[in-house]
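Hi,

Here is the model I said I would pass on. Have a look at it first, and my notes follow below.

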Amino acid sequence: MTHPALILFLALFGLYSPVAALASYLPIVRPYSHGQVNRLALGLAINVAVFVLAALWVGEPLLKLLGISTAALTATGGIALAYASIPLMRGKAGAVEELEKLQEQEKLGVAPSSEPVPEPKSILYTPLSFPLTVGGTTFAFGVAAAAAATTLQDKIALSIAALCFAAVTGVTLYLSGHVQRRISLKGAMVLDRVAGILLTAIAVILLANGFTDLVTARLNQ
């Protein structure tokens, strides 16, 4: 359990939280067919793989060029994660509200609004890839892992872990296409609350670690 690649995968997996991600994907994939969701899942996995691999191989020099420390990026990621996870924990997330609205329309016999469905490619980068799947904290994890890698073999192992994580995100989006056809409002609320509690806890840890590292670095100067 101490191998850097395994630690990176578990950190990314915990940060991503497939349960939370699946709940957030539900209202987005609802208008699309099975084949379109499959293509979106493949595209998401590719985007995530490119993003995390870029963090591993060029992230550290890029942050140095911009004058941003990994501690600052981690703390900022914790704030962003808390901003997104607290509504989940309170049952006020957009996924549940959207499902509640649709179910209320069905009970009243009102036809759902016939707004045009955007092309799958238009939602692949935003919001599916960014910010629902990866963000600043994901990048910070990749940079921190790469900074601790001492050999080329370690970097390759980290890259394999990144590809495995990308596969998890693609599978999660694929499963969301099946779940959205079967899930009830109560089930969506339970998923959101459980995921929100887990993500809020992770956000607190990220904030604490990031601010502690920032203070320690300032005192050592």
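In which helix is Val58 found? The answer is helix 3. Before I go on, keep in mind that this is a predicted model.

Val58 is a handy place to start, as it belongs to a nonpolar patch on the surface. Its partners there are Trp57, Leu152, Ile156 and Ile160, and together the five have about 490 Å² of accessible area. Two elements, helix 3 and helix 8, each give two or more residues to the patch. Helix 8 has the largest share of it, with three residues. As for Val58 itself, its relative accessibility is 46%, so it counts as partly exposed: that value falls between the 20% limit for buried and the 50% limit for exposed.

Now the overall picture. The chain has nine helices and zero strands, so if you read along the sequence you get α-α-α-α-α-α-α-α-α. Of its 221 residues, 42% count as buried. Among contacts with a separation of 6 or more, 92% are between residues 24 or more positions apart. The chain exposes about 12000 Å², and carbon and sulfur atoms supply 68% of that.

Then the inside. The largest nonpolar core has 41 residues, and Leu8, Val52, Leu56 and Leu173 are the ones with the most contacts inside it. Six helices each supply at least two of its residues: helix 1 (4-16), helix 2 (18-29), helix 3 (34-66), helix 6 (120-133), helix 7 (136-148) and helix 8 (152-179). Helix 3 gives the largest share, eleven residues. That makes helix 3 worth following on screen, given that it also contributes to the surface patch.

If you want to click through one of the core residues, try Leu8. Not counting residues up to four places away in sequence, Leu8 touches Leu56, Phe141, Gly142, Ala145, Leu158 and Ala161.

One more residue to look at is Thr169, in helix 8. Is Thr169 buried or exposed? Thr169 counts as buried because its relative accessibility is 0%, and the limit for buried is under 20%. Leaving aside its neighbours within four places in sequence, Thr169 is in contact with Tyr16, Leu44, Ala45, Val48 and Thr133. So helix 8 carries a buried threonine and also gives three residues to the surface patch.

That's what I have for now. Over to you!

Cheers

Definitions and conventions: Residues are numbered from 1 along each chain as its sequence is written. This is a predicted model: local features need pLDDT of at least 70, side-chain atom pairs count only at pLDDT 80 or more; totals for chains, interfaces and linings use all residues. Side-chain values use heavy atoms; hydrogens and water are left out. A nonpolar core is a set of buried Ala, Val, Leu, Ile, Met, Phe, Trp, Tyr and Cys residues joined through side-chain atoms within 4.5 Å. Buried means under 20% relative accessible area, exposed over 50%, partly exposed in between (1.4 Å probe, protein chains only). Helices (H or I, at least four residues) and strands (E, at least two) are DSSP runs, numbered from the N terminus. Contact means heavy atoms within 4.5 Å. Patches are made of residues with over 30% relative accessible area and no salt bridge: like charges are joined within 9 Å, nonpolar side chains (Val, Leu, Ile, Met, Phe, Trp, Tyr) within 5 Å. Accessible areas come from the Shrake-Rupley method with a 1.4 Å probe; for residues, only the protein chains shown count as cover. A salt bridge is a side-chain nitrogen of Lys or Arg within 4 Å of a carboxyl oxygen of Asp or Glu.
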